[in-house]
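Open the model in your viewer and keep the selection panel at hand. The tour goes stop by stop.

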Amino acid sequence: MKKQFYWLIPLCVLLFESHQIFAQLQNHGLVNEPVDISKDFYDFKNTYYFAEELSSFNPNTGVGKVKYSRYEYKTRYAFNNMLGVLRPVTPNEFPEGEYQASPTLPFKLEFVSPRTVRLQMQTGIDKTVNQPSLMLVNGTAPVDHSWKYSSEEGKHIYTSKYGKVVISVNPWRVSFYNNQGKLLTQTNHHIDNAETTYTPIMPFSFVRRASDYSRSVNAAFTLEPNEMIFGCGESYTEFNKRGQKVVLCTDDANGIQNETMYKPIPFFMSNRGYGMFMHTSTPITCDFGKYFSGVNSLMIGDETLDLFVFLGDPKDILDEYTDLTGKAAMPPLWSFGFWMSRITYFSEQEGREVAKKLRDNEVPCDVIHFDTGWFETDWRCDYQFSESRFDDAALMIKDLKKQGFQTCLWQLPYFVPQNTLFNEIVEKELYVKNAKGNLPYEDAVLDFSNPETVEWYQAKIGDLLKLGVGAIKVDFGEAAPYNGIYASGRTGFYEHNLYPLRYNKAVADITKEIKGEQIMWARSTWAGSQRYPLHWGGDPANTNTAMAAALRGGLSIGLSGFSFWSHDIGGFVLKTPEELYRRWTPFGMLTSHTRSHGAPPKEPWEYGESFLEDFKKADNMRYELMPYIYAQAKQCTEQGLPMMRALFVEFPDDPGAWLVDDEYLFGSDILVAPLFEAVTKRNVYLPKGNWIDYQTGKLYAEGWHAIEAGDIPIVMLVREGSIIPHIKLAQSTKDMDWSKLELRTFCGDSSKAGGFICLPSNNELVEVSVEKKDDQLSLTKGSVKGVTFSLTENK
């Protein structure tokens, strides 16, 4: 960096910190706050229509009609309390007789697979039903004909190998059972509430707003005692969502310890053996038994309900959901290496110096990221390297690649008035418009529903990729205007949540076209974004509680179909306290992808020799584990599984596994328990079977244990009977020798061990097995052409 620019660093950090201090407050009625539609279901002005009875049904097609009864809120005064109660009402339309008081509306039950059921209900005429959807990987859902029909008096019954669906005629009800005949959940009818409780509960229904006559659906289902709910995207509140109200609406959450989300996903699963996907891009408010503990109210902004229900264990549900919405593509090998970053490197000189110090200090690394400062004006994204601070960006990128470094660049889809591209975007009408056709904000916001905008944008990104850039940071994307009019012909009510998916797809597609690789680094998402890896967890504070919240968010998005996810090691907002950074580092190294990023300094040598050595131990461990990481990643892409895995995904029959949110499985065989405080020992829950400490070799049985962390400050255990493939340490994945792999076996008391290998050269998953006899190890399955295995036992 030239001398005259050094003064920019503290100034930019100060400005950034000020931005954080004055970040948006929630629940103040400000621009782009998440839309919570639940209040519309408690409004005395509105009219409500309760699903009453099945008026017609064709069991061969699954098509029928449901009759709805009209209700409104009325007041009732009782012992000094004014109550709001739901009561039937007569029509209020004029001319009388021209409108249905109790409308009969379309209902459809369809089967997608032997485990997946689709429930569609309309509240009026809908010309968009069954149009191709960006959220579904193939645009539409397949149809399965394996379910068998039967009937009883007043009931239509469909059965598959994995469960049963029962439609009751009067009262109308849809009930879901597993293959053992256990009721999983069923729709809530108003008669259920009237006969059992004094609490006014909104049953399965839709609202017609008095303000604009728009409609939204309340898909109400039963909740059972001890039922737990998980998922909903990258949610940082309590892991189990039972008893919470969750608003699914993309938001710049300005941190990871509040209830709003960068990555809401309209999908969740229950420990009772089912999951649900609300196929819409409108705002959704899920009341998971918060208002009334026995009812799950899915208040969906859309005027049509399109709900997919999945039956099975968590692995089955994730596999089915990602078959429908898409499984993650396999990222390139280099992306699994360490990413070095800060807010921000400002010049070619800084980038080269960081690269040199990484290699001089032998800190394995594969990516150097330039954040907001590579433009001439910090944060003013114009897709051009600063000419005053980058002498030859193309040469720098080329030289870094020779050293084993890919380059990642920050950008965003908002353009301030002083941006040189602002006028062009406005003149070409590439922006999201307001009702008059002008700008809703001061910024011009790219309209990714417009093919011309996508073409223009991809040309800018493409030029950088052709320059040699390895990946693009897909930042922001949560602020598409709700009141905007989009080229799709829809308003922001439907496009706001879809915006991140369109944004993710635009970058992923051009990267794949030019680089032949599926990789980006994105913050915002919606259902389907998991197809375009990878995503990171926003802006954590530099605190213990933020570190714990990061894990909850990672586990939750992993239970929402995302295989790959990362977070800012050490936190983002301020300089990371050294002790916290030391504990957070191995947690970050045992995540699918690994990046240090945030307020400077983030480079490990800036914290002294002792910290540097500790950082390298964790980093070296990750690089030596690369064959395990890569094989597990490949398996995740095939099965829709997360690399960071809640314990119950692997152990659904273990009640204790459903209660743990401060440890996780890294892939299928390594259990990780980070240190969230300045301690050296912590309580760890071990699921069924025996577990072997990766660092000490000590054997533990299932259950609770107080375990001392090893030399690397984290508790890390391996499932007995596992093979964890290792590779010789290299400073970059580019320099790894995949012809020589160590199969490190964790036999414990077992005589056999198994695992997987996947070579980057062919991306084929190979199962390997080892048998131990008389303390001698022998390979019994999985020889790979061109690869020499050494067999060792971890003791």
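**Stop 1: the second largest cavity.** Start with its lining: six nonpolar residues, one polar and one charged. This is a predicted model. To see the lining, select Tyr42, Ile201, Met202, Asp287, Tyr291, Phe292, Val295 and Ser297. Asp287 is the charged one and Ser297 the polar one. The space they enclose is about 60 Å³. In total, the structure holds five cavities of 30 Å³ or more.

**Stop 2: the second largest pocket.** Which residues lie nearest the centre of this pocket? Select Thr128, Gln131, Pro132, Asp302 and Arg490. They belong to a lining of 31 residues. The pocket has a volume of about 700 Å³.

Now colour the elements that contribute. Strand E5 (116–122), strand E19 (304–311), helix H8 (492–495) and helix H9 (498–515) each supply at least two lining residues. E19 gives the most, with three. Colour the lining by class next. You should find 10 nonpolar, 12 polar and nine charged residues.

**Stop 3: helix H10.** Select residues 544–558. This helix has 15 residues. From first C-alpha to last, H10 reaches 21 Å, close to the 21 Å expected at 1.5 Å a residue.

Is H10 largely enclosed or open? Of its 15 residues, 12 are buried, so the rest of the structure largely encloses the helix. Buried here means under 20% relative accessible area. Pick out the buried residues: Ala546 and Met547, then Ala549, Ala550, Leu551, Arg552, Gly553, Gly554, Leu555, Ser556, Ile557 and Gly558. Arg552 is on that list, so look at its side chain too.

Next, show what these buried residues pack against. The helices are H3 (314–325) and H11 (578–589). The strands are E13 (229–233), E28 (565–566), E31 (644–645) and E32 (664–666). Show them one at a time around H10.

**Stop 4: Ser347.** Finish on a single residue. Where does Ser347 sit? Look in the loop between strand E20 (338–340) and helix H4 (348–360). Ser347 has 1% relative accessibility, so it counts as buried. Now add Glu350 to the selection. A polar atom of the Ser347 side chain lies 3.1 Å from the backbone nitrogen of Glu350. Draw that distance in the viewer to end the tour.

Methods: Residues numbered from 1 in each chain as written. Predicted model: local features only at pLDDT ≥ 70, side-chain atom pairs only at ≥ 80, totals over all residues. Heavy atoms only, no water. 1 Å grid on protein atoms, 1.4 Å probe; cavity = no way out; pocket = protein on both sides within 12 Å on 5 of 7 lines; lining within 4 Å. Points joined across faces, edges and corners; volume = space filled by probe spheres on them. Helix = DSSP H or I, 4+ residues; strand = E, 2+ residues; numbered from the N terminus. Expected span 1.5 Å × (residues − 1). Buried < 20%, exposed > 50% of the residue type's maximum accessible area, 1.4 Å probe, protein only. Contact = heavy atoms within 4.5 Å. Polar contact = N/O pair within 3.5 Å; in protein donor to acceptor, adjacent residues only side chain to side chain.
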